[in-house]
Amino acid sequence: MLWTDVSACAIQLDGNTTIETLQLSEQGRCLFKSILTSNSAVQVLACVIGIMTIISLLVNSCTLLSLGNSEDLSWEPRFALLKNLIVSDVLLIVTQGPTVMHCLLQKTTLSYGAWCLTQFFINTICVFCTLLTVSCMALERYLYVCQAIYYLSVLTTKRLHLIVGLTWFISVCLSSVITGLLTLGHKPSLLGTPTSGLLCEPDTIETHLGFPRAPAVFRKVVGLVLTLFCVFSYFFSYLRMYQDARNAVQPFQQDNRRARRTVVFYCSMFLLQLLPIFLKIVSDALWELEGTVAMVRSQNFPPGLTSAGTLHILLVVLLQVPPCINPLIYGLRNKEVREALPRLLWWKYP
C-alpha cells in the first residue's frame with residue numbers, strides 16, 4: 001500500500017537511479033521516513049509500544065502464574081480457557097513488541113526474510129487462536145449460566161483438553177496454508193529487501209510480494225468467517241444470559257441488575273478487543289472496493305494513498321491492546337484471581 005512512497009523516495013534520493021539500484025539500508029530508511037516523518041513521532045511511538053509491551057508481559061505473566069499455582073482455579077474450565085488465551089497473547093506480544101522496537105530504534109522498516117515470515121506465521125496463529133478461544137469462553141459462560149444442569153456433564157476435562165487442542169490445531173493449519181500460499185510464488189530476489197512496514201502484517205507482506213490474489217482472498221475469507229463466528233458466539237451467549245437476568249423476578253432483582261451491567265461490560269470490552277480486527281476488515285473491504293490492486297499494477301496511483309502509512313501505524317498500536325486488557329477483563333476482574341495473587345507473592349517470597 002506504500003509503494004507510491006517507495007517511488008517518491010527513490011526520486012528524492014537520486015533522480016537518476018531507481019529503487020532497484022538503491023542500497024537496501026537506504027531503501028529501509030526511506031520507507032521508514034515515509035511512514036514516520038518526524039523524530040518526535042518515532043519517540044512517542046517507541047514509548048507507547050515499549051510501555052504496552054512491558055505492561056502486557058507483566059500482567060499476563062502474573063495472571064498466568066496465579067492461575068497455575070492455584071489448585072482451586074486450575075481445574076475450572078473458564079480459567080483453563082483463560083490460560084490458553086494468555087499463552088496466545090504472550091506469544092503475540094513477544095513476536096510483535098521487540099520487532100517494532102527494533103525497527104523504531106534502527107529507523108528502518110522490517111526486511112523480508114525468515115524472521116518476517118516467522119512473525120507473520122506466529123501472529124496469524126495467535127489471532128485465529130484468540131478468536132476461537134474467546135468464542136469458547138463465551139459459550140462456556142452461556143452453558144454455566146443458562147444450562148447449569150448440563151454443565152459438568154457436557155464440559156468434562158477430556159472435552160476441555162480437546163477444545164484447547166483444537167483451537168491451536170485449527171489456527172496452525174490455517175496459518176500454514178496462508179503462509180504457504182504467500183511464499184509459493186515469491187521471488188528469491190526479494191529476500192533481504194525492506195518491506196513497507198514495521199511488522200509483517202498482511203497488507204505489508206502482500207504488497208511486498210506483488211499482491212498475490214489467491215492468498216489474499218483466502219486470508220480475507222478465513223478471517224471474516226472466524227470473526228463472524230466469534231461475534232455470533234459472543235453476542236448469542238451474553239444476550240441469552242441478559243434475557244435470563246431480565247426475566248427473573250423478585251427477590252433477585254438487585255442481582256439481576258448487576259448481571260445486566262456485567263453483560264454490558266463484557267460486550268463493550270469484546271468490541272474493544274476486536275477493534276484491530278474490525279479495522280483490518282474495513283481496510284480489506286476498502287482495498288477491494290477501490291480496486292487498488294489494479295491501480296498499483298498499472299502504476300495509476302490515486303492521490304492520498306500515503307495515508308496507508310497512518311493506517312499501518314494505527315494497526316500496529318491497536319494490535320498491542322488486546323494482550324494488555326485480556327487479563328484484566330477475564331482474569332483480574334474475577335475475585336478468585338485477585339485472591340490468588342497474594343498467595344503467588346507469598347509463595348515467591350516466603
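This report walks through the fold, salt bridges, aromatic pairs and selected residues of a predicted model.

## Overall make-up

The chain has 350 residues, and 49% of them are buried. Its secondary structure consists of 16 helices and zero strands.

Among contacts with a separation of 6 or more, 82% join residues 24 or more positions apart. The exposed area of the chain is about 17,700 Å². Carbon and sulfur atoms supply 68% of that area.

## Salt bridges

How many salt bridges does the structure hold? The count is three. One of them joins Asp-203 and Lys-280, with 3.3 Å from N to O. Asp-203 sits in helix H9 (residues 202–208) and Lys-280 in helix H12 (residues 275–289), so this bridge ties together parts that are 77 residues apart in sequence. Asp-203 has a relative accessibility of 9%, and because the cut-off for buried is under 20%, Asp-203 counts as buried. Lys-280 is buried as well, at 11%.

Helix H9 also supplies Glu-206, which is linked to Arg-219 in helix H10. These two residues are 13 apart in the chain. Their closest N and O atoms are 2.7 Å apart in the salt bridge. Arg-219 and Glu-206 are both buried.

Another bridge pairs Arg-141 with Glu-140. Here the closest N and O atoms are 2.9 Å apart. Both Arg-141 and Glu-140 are buried. Arg-141 has a second partner of another kind: its charged end sits over the ring of Tyr-144, 4.4 Å from the ring centre.

## Aromatic pairs

The model contains eight aromatic pairs. One of them is Phe-232 with Phe-236: the ring centres are 6.0 Å apart and the planes meet at 15°, so the pair is stacked. Planes under 30 degrees apart count as stacked. Phe-232 and Phe-236 are four residues apart in helix H10 (residues 213–247), which means about one helical turn separates them. Are these rings buried or exposed? Phe-232 is exposed, at 58% relative accessible area. Phe-236 counts as partly exposed, at 32%.

Tyr-234 and Phe-270 form another stacked pair. Their centres are 3.9 Å apart, with 10° between the planes. This pair links distant parts of the chain: Tyr-234 belongs to helix H10 and Phe-270 to helix H11 (residues 253–273), 36 residues apart. Tyr-234 and Phe-270 are both buried. They also belong to one aromatic cluster, together with Phe-235, Tyr-238 and Tyr-266.

## A nonpolar surface patch

Which residues form the nonpolar patch on the surface? They are Leu-139, Phe-229, Phe-232 and Phe-236. Together they have about 380 Å² of accessible area. Helix H10 gives the largest share of the patch, with three residues.

Phe-232 is one of the patch residues, and it is found in helix H10. Phe-232 and Phe-236 thus appear twice in this report: as a stacked ring pair and as members of the patch.

## Two buried residues

Where does Ser-56 lie? Ser-56 is in helix H3 (residues 39–68). Its relative accessibility is 0%, so Ser-56 counts as buried. Leaving out residues up to four places away in sequence, Ser-56 touches Ile-93, Pro-323 and Cys-324.

Thr-109 lies in a loop, between helix H5 (77–106) and helix H6 (114–146). Thr-109 is buried, with 2% relative accessible area. With residues up to four places away in sequence left out, its contacts include Gly-28, Leu-31, Phe-32 and Ile-35. Thr-109 also touches Cys-103, along with Pro-194, Thr-195, Ser-196 and Gly-197. Thr-109 and Thr-195 are 86 residues apart along the chain, yet their C-alpha atoms are separated by 6.1 Å.

Terms used:
Residues numbered from 1 in each chain as written. Predicted model: local features only at pLDDT ≥ 70, side-chain atom pairs only at ≥ 80, totals over all residues. Heavy atoms only, no water. Phe/Tyr/Trp six-rings, centres within 6.5 Å; stacked < 30°, edge-to-face > 60°. Buried < 20%, exposed > 50% of the residue type's maximum accessible area, 1.4 Å probe, protein only. Lys NZ or Arg CZ within 6 Å of the ring centre and 35° of its normal. Contact = heavy atoms within 4.5 Å. Patch = residues over 30% accessible without salt bridge, like charges linked within 9 Å, V, L, I, M, F, W, Y side chains within 5 Å. Areas by Shrake-Rupley, 256 points an atom, 1.4 Å probe, with all protein chains shown as cover. Salt bridge = Lys/Arg side-chain N within 4 Å of Asp/Glu carboxyl O.
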